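Subject: A structure for you to look at

Hello,

Here is the structure I promised to pass on. Please have a look at it first, and then read on for what turned up.

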Amino acid sequence: MKKNRDVKFIIYQSLYIFVVCVVALKGANLDLTQVIEDDGTIRARITEDSLQKLLDALKRSIIVDTNIYVLIKKEDLARMDDKIKQLVVSASNVSITSSPVSVTQPIVEQPKIEEKPPEEKKDPGEMKEIRIGNIVLHQFTMNTLNNPYDTPLEIVGITTIPPKSSKTFETGGQSSVVIRVGDQTKTVELRPNEKPKISFARIASMGEDTRVSVLQTTTGFRVTITDDFPGQLDIKFNGPVTVKQQGSNTFDVTLNAFGSRSAFERFTDGKDSPYQIGFTVTVTDKIAGHKISGQNTFIFGEW
């Protein structure tokens, strides 16, 4: 009985050694680690040996960006003529490589542009001061003012100008006016309205030897009226003269005293030569009330 057990042990021992040798030759693990899943698929396992093999393979690989470079053997390149070489070198869409790699360009985020919020229109009450340029206003005349704001502009005690518009208004003798826009006010000084002036220029020669019949056929005087607002003047001539206006406020004055020789003789009867006949100019400012006058004289000696 003992010999039979020894024979069985030897047989079992031999079979075990045989199985171990077969497993070792097949590359199986001998540390009892499970290498096959329950469903029969092979379980992936990374070892130091496999990692080393992968690293060695990567070192031997050639990584080329095929979007930029072209690979070709030196022997093939040497057999090509210069024209083909240039075409091959310049071609960016053909590549020969053992391990092509697709390179993805990094996405660069564009900086965000911050949009400025629209400026809010300031209410006239929030304005620090009224700004409508250099305002020039005069006394006793018609003044025009522009309102650039979105709210009415008031000239206190005189008028109100609607938004975004102009208006002409009359001022009196006040030295200043107050302009109001919303809650803001501004005081504007008024410039004075100057009095008009009269100037005379003698055009014809006059004296004791002057014939009145000739003098009455030519301009004797040129009268000029100067004023800062000539449009509001009332100008009147008094005397035996004829007046012709030559400009806005320029007038030519001609003597018109005698219609006949007998009229001349009646005028000179009892008088000594040279004889004189005068005329008067009166100028009135219809708004300011200014009134001035000037006079001059025609001189002659015979008919």
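A residue counts as buried when its relative accessible area is under 20%. Please keep in mind that this is a predicted model.

With that cut-off in hand, a good place to begin is F221. Its relative accessible area is 1%, so F221 is buried. The residue belongs to strand 9, which covers residues 221-226.

Let me place that strand for you. Strand 9 is part of an open sheet of four strands, which run in the order 8-9-12-11 with antiparallel pairing. The edges are formed by strand 8 (197-202) and strand 11 (241-245), each of which has a pairing partner on one side only. From one strand to the next, the twist averages 25°. As general background, the strands of a sheet pair through backbone hydrogen bonds, either parallel or antiparallel. Strand 9 and strand 12 (residues 250-255) are joined by four bridges in the antiparallel sense. If you would like a spot to zoom in on, find R222, which stands opposite D252 in strand 12.

Now for the aromatic rings. How many aromatic pairs does a search of the whole structure find? There are 13 aromatic pairs. One of them is formed by F221 and F279, with 5.6 Å from centre to centre and 50° between the planes, which makes the pair tilted. F279 sits in strand 13 (residues 275-285), 58 residues away from F221, and the pair links these distant parts of the chain. F279 is also buried, with a relative accessible area of 1%.

F221 has a further ring partner, F298. Their centres are 5.1 Å apart and their planes meet at 80°, so this pair is edge-to-face. Because F221 lies in strand 9 and F298 in strand 14 (residues 291-300), the pair ties together parts that are 77 residues apart in sequence. F298 is buried as well, at a relative accessible area of 0%.

Elsewhere on your tour, look for a cluster in which ring pairs link F258, F264, F267, Y275, F300 and W303. One member of that cluster, F267, has a charge over its ring: the charged end of K271 sits 3.8 Å from the ring centre.

Enjoy exploring, and do write back with any questions.

Best wishes

Notes
Residues numbered from 1 in each chain as written. Predicted model: local features only at pLDDT ≥ 70, side-chain atom pairs only at ≥ 80, totals over all residues. Heavy atoms only, no water. Pairing = 2+ DSSP bridges. Helix = DSSP H or I, 4+ residues; strand = E, 2+ residues; numbered from the N terminus. Axes fitted to C-alpha atoms, helices over the stretch in contact; angles between N-to-C directions. Phe/Tyr/Trp six-rings, centres within 6.5 Å; stacked < 30°, edge-to-face > 60°. Buried < 20%, exposed > 50% of the residue type's maximum accessible area, 1.4 Å probe, protein only. Lys NZ or Arg CZ within 6 Å of the ring centre and 35° of its normal.
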